[in-house]
Amino acid sequence: MPAPLIVAVAPGSPAALAGLAPGDEVARLNGQVPRDVIEWKLLTDEPVLELDVVRGGIELIVDVSKGDGEPLGVEVQSAVFDRVRTCDNHCEFCFIYQLPKGMRRSLYLKDDDYRLSFLYGNFTTLTRFTEADLERVVTERLSPLNVSIHATDPEIRSRMLRNPRGGMSLRWLRALLDHGIEVRGQIVVCPGINDGAVFDDTMAGILDRFPDLASVAVVPLGLSRFNTEPAMRLHTADEAAAVVDAVDDWQDVFETVLGHRLVHAADEYYLMAGRPFPPAGSYDGFPMHEDGVGMARTFELEFLGDATAATGTRSGFFAAVDLPANPAAYTGLRATSCNGASGGAGHGATSVTLGPARRAPIGVLSGELGARVIGPLIVGLGRDDVRVVPVRNEFFGGNTAVTGLMTGADLSRVLAGEPQRHRYLLPDVCLSDDHRFLDGLSVADLPRPVEVVATDGFALRAALGEAIGHGR
Ligand code: SF4
């Protein structure tokens, strides 16, 4: 098993004082071999540490004394030191099968690892979950976890996952809930497969068997032009409206029986159906924001100054097409804690590539769906120097109109047709931590300078030079 590799040491930290340095490999920690950053964090919480370190091929022992629970002060290279558990399903709607060849290798990794669910909010189907995993989750309180449900009917779930264990594996969901683990569910709806009567049956199954789920996000399948599954197709507007109506009806049932709405439809459904988004207060605190549920409303609240802090937006719609939340992060994460925080562009961070004058006209770059959300907010500013520049996704095609899937190739095409010496704002949600797009191009490859802005309403407002606070 590869040893955790130290990539950074905080100056003045216990690790620095003990002489640990970037490049050190930690073979053992107090005699134990940590499997991931979760175990690493538990082990390094101890006040007295003995680290078996390999430095330049030479083994040495480093002793560390620190306060109980005090951070050690190192960043390690990856979140999982043993192998990421890969998925043994073959879902027809899997977006990873719909990626073109030649992209970053990490994008093709089909994970089904409860640790990545805990660390990053990735969804697990539990088809590879074991008794030992349950024991660890319960003992170490790895909560919350995100579980893909899709259908509660065992046959339909097995068929959707193309895995005979698909149906039975929901017993682990019951076991997790029985042990008090918070679980957020997700249903990827494929028209003609698990909408309509199957969706109603799934809702009834959740009410009957899993009413203690924290929330259930209902998201449409993502389809790219590379899809080869004939049964997978886009929703029609009527089908999208039917999903919205079904979610509405079941919210009433859940609210009556459970006291909360439980189930929410992704923003994309309201856009597809041409319906207004539900009021912000109906999202029960936006527990599924990262899954593309309520993003439009939180962005609006932030932009208008009606929120006090930005809601997490790093993965967003990207997760809604069942891709890993941050695919590069399994191998590239810099993490010292179990909260999933990673290095790189964080919320509120605005990296500016200086080019045009600050008073130049501004183009706000956005995926086509995001443009429909941001457009009215920009219009509401009453400024003629700011415009939204929608970026059609021709790289992936299909229904990949979300901002998180914007590629360098599409941005290059669109920007090449836009005036020079304007300012262009780029939401950071479409970038990996090394400022690369999904197609491997970087910000520096674009034909116009862009300013990378955190994907939230506060950051956009600040980048536009508008006062932060109540904007209305
Ligand atoms: S959609 Fe998820 S569970 Fe299904 S094959 Fe892809 S990675 Fe595996």
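**Helix α2 and the nonpolar core**

In this predicted model, the buried part of helix α2 consists of V37, I38, E39, W40, L43 and T44. That amounts to six of the eight residues in the helix, which spans 37-44, so α2 ends up largely enclosed by the rest of the structure. What do these buried residues pack against? Their partners are three strands, β2 (25-29), β3 (48-55) and β5 (74-76), along with two helices, α3 (114-120) and α4 (131-139). The N-terminal end of α2 is capped by D36, with a side-chain oxygen of D36 sitting 3.1 Å from the backbone nitrogen of I38.

Helix α4, one of the elements packed against α2, also pairs up with helix α6 (residues 170-178). The axes of α4 and α6 are 11 Å apart and make an angle of about 25 degrees. Since angles under 35 degrees count as roughly parallel, that is how α4 runs relative to α6. The crossing of the two is right-handed. On the α4 side, the residues involved are E131, L134 and V137; on the α6 side, they are W172, A175 and L176.

L176 turns up again in the largest nonpolar core, which holds 103 residues. Together with L51, V74, L173, F199, I206 and L213, L176 touches the most other members of that core. As for where the core residues come from, helix α8 (residues 237-258) supplies the largest share, eight of them. Beyond its neighbours within four places in sequence, L176 is in contact with L126, F129, L134, V137, L145, I181 and V183. Among these contacts, L134 and V137 belong to the α4 side of the α4-α6 packing.

Terms used: Residues are numbered from 1 along each chain as its sequence is written. This is a predicted model: local features need pLDDT of at least 70, side-chain atom pairs count only at pLDDT 80 or more; totals for chains, interfaces and linings use all residues. Side-chain values use heavy atoms; hydrogens and water are left out. A nonpolar core is a set of buried Ala, Val, Leu, Ile, Met, Phe, Trp, Tyr and Cys residues joined through side-chain atoms within 4.5 Å. Buried means under 20% relative accessible area, exposed over 50%, partly exposed in between (1.4 Å probe, protein chains only). Helices (H or I, at least four residues) and strands (E, at least two) are DSSP runs, numbered from the N terminus. Contact means heavy atoms within 4.5 Å. A polar contact is a pair of N or O atoms within 3.5 Å; within protein, one must be able to donate a hydrogen and the other to accept it, and residues adjacent in sequence count only if both atoms are side-chain atoms. Axes are lines fitted to C-alpha atoms, for helices over the stretch in contact, and angles run from 0 to 180 degrees between N-to-C directions. Angles under 35 degrees count as roughly parallel, over 145 as roughly antiparallel, 65 to 115 as roughly perpendicular and the rest as oblique. A crossing is left-handed if the near helix is turned anticlockwise from the far one by less than a right angle, and right-handed if clockwise.
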